[in-house]
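Me: Got a minute to go through this one with me? I'd like to get a feel for the fold and then poke at a few residues.

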Amino acid sequence: MSEGTVKRIRLSRASPDLEFSEMAARIAEHIRGGPRPDLDLDLSWCTDFQMAVYRAVLNIPRGSTATYSDVAKIAGRPGAARAVGAALRRNPFPIMIPCHRVVASNGPGGYSQGIDIKLQLLAIEQHEMSREQRSFARIG
């Protein structure tokens with residue numbers, strides 16, 4: 001593992017430590033619509049299924065959502081929506097692997113950082129989209 005490998009990202013309302021402020025600033029800029037920071041994320045612990053889920057989630061465009069069932073199908077395991085939820089609960093990199101974009105078929109679903117933060121992140125991303133893009137905001 002390289003010296004700069006990121007093992008976990010936690011969301012907080014507190015100010016970041018000075019050592020990590022540059023990384024935190026890049027992530028905050030990404031939340032506001034900037035480019036996705038190029039971080040070396042440690043995913044060495046993931047199962048093949050978790051990697052398939054995280055790859056599927058990485059392909060959900062900003063401002064869009066997919067259901068747990070949609071992600072299960074894309075990950076090659078149709079019918080494994082609950083397993084997708086379990087994989088996303090273990091996601092150590094919220095924002096960078098944007099699991100807030102995965103929703104239940106009947107509502108927002110859960111989020112490891114809290115439903116309030118999930119809804120705020122979705123609102124921020126959807127606000128950035130133009131009206132034309134919003135009409136095509138769901139994949140699946």
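**Fold and contacts**

Reply: Sure. If you take contacts in the protein between residues at least 6 apart in sequence, 64% of them join residues at least 24 apart. Keep in mind that this is a predicted model.

Me: OK, how many helices and strands are there?

Reply: The protein has six helices and two strands. Going from the N terminus, the order is α-α-β-α-α-β-α-α.

Me: And what share of the residues counts as buried?

Reply: 39% of the 140 residues. As for the surface, the protein exposes about 8500 Å², and carbon and sulfur atoms supply 51% of that.

Me: Let's look at H2. Which of its residues are buried?

Reply: In H2 the buried ones are Phe49, Gln50, Ala52, Val53, Tyr54, Ala56 and Val57.

Me: What do those pack against?

Reply: The buried residues of H2 pack against helix H3 (68–74), H4 and S2.

Me: Phe49 is on that list. What sits over its ring?

Reply: The charged end of Arg77, at 4.5 Å from the ring centre of Phe49.

Me: How many aromatic pairs, then?

Reply: Zero aromatic pairs are counted.

Me: Switching to charged residues. Where is Arg101, and is it buried or exposed?

Reply: Arg101 is in the loop between helix H4 (81–89) and strand S2 (102–103). Its relative accessibility is 5%, so Arg101 counts as buried, the cut-off being under 20%.

Me: What does the side chain find in there?

Reply: A polar atom of the Arg101 side chain lies 2.7 Å from the backbone oxygen of Ile60. Beyond its neighbours within four places in sequence, Arg101 is in contact with Ile60, Pro61, Arg62, Gly63, Ser64, Thr65, Ala66, Leu122 and Glu125.

Me: Glu125 is in that list. Which helix is it in?

Reply: Glu125 belongs to helix H5, residues 115–128. Glu125 is buried too, with a relative accessible area of 5%.

Me: Which side chain does Glu125 make a polar contact with?

Reply: His100. The side chains of Glu125 and His100 are joined by a polar contact of 3.0 Å. Not counting residues up to four places away in sequence, Glu125 touches Arg62, Gly63, His100 and Arg101.

Me: Thr65 came up as an Arg101 contact as well. Where does it sit?

Reply: Thr65 is in the loop between H2 and strand S1 (66–67), and it is buried at a relative accessible area of 13%.

Me: How far is Thr65 from His100?

Reply: C-alpha to C-alpha, Thr65 and His100 are 8.3 Å apart in space, with their positions 35 residues apart in sequence.

Me: New topic: the loop between H1 and H2. Is Pro37 in there buried or exposed?

Reply: Buried. Pro37 lies in the loop between helix H1 (21–31) and helix H2 (48–58), and its relative accessible area is 7%.

Me: What does Pro37 touch?

Reply: Leaving out residues up to four places away in sequence, Pro37 touches Arg26, Ile27, His30 and Met96. Pro37 and Met96 are 59 residues apart along the chain, and their C-alpha atoms are separated by 8.1 Å.

Me: And Leu39, where is that?

Reply: Leu39 is also in the loop between H1 and H2. At 13% relative accessibility, Leu39 counts as buried. Its C-alpha is 9.8 Å from that of Ile27, and the two are 12 residues apart in sequence.

Me: What's the story with the backbone at Ile95?

Reply: Ile95 has a positive phi of about 80°, although it isn't a glycine. Ile95 is located in the loop between H4 and S2, and at 3% relative accessibility it counts as buried.

Me: Last one, cysteines. How many disulfides are counted?

Reply: Zero disulfides.

Me: Are Cys46 and Cys99 buried or exposed?

Reply: Both fall in the buried class: Cys46 has a relative accessible area of 13%, and Cys99 has 4%.

Technical notes. Residues numbered from 1 in each chain as written. Predicted model: local features only at pLDDT ≥ 70, side-chain atom pairs only at ≥ 80, totals over all residues. Heavy atoms only, no water. Disulfide = S-S within 2.5 Å. Buried < 20%, exposed > 50% of the residue type's maximum accessible area, 1.4 Å probe, protein only. Helix = DSSP H or I, 4+ residues; strand = E, 2+ residues; numbered from the N terminus. Polar contact = N/O pair within 3.5 Å; in protein donor to acceptor, adjacent residues only side chain to side chain. Contact = heavy atoms within 4.5 Å. Areas by Shrake-Rupley, 256 points an atom, 1.4 Å probe, with all protein chains shown as cover. Phe/Tyr/Trp six-rings, centres within 6.5 Å; stacked < 30°, edge-to-face > 60°. Lys NZ or Arg CZ within 6 Å of the ring centre and 35° of its normal.
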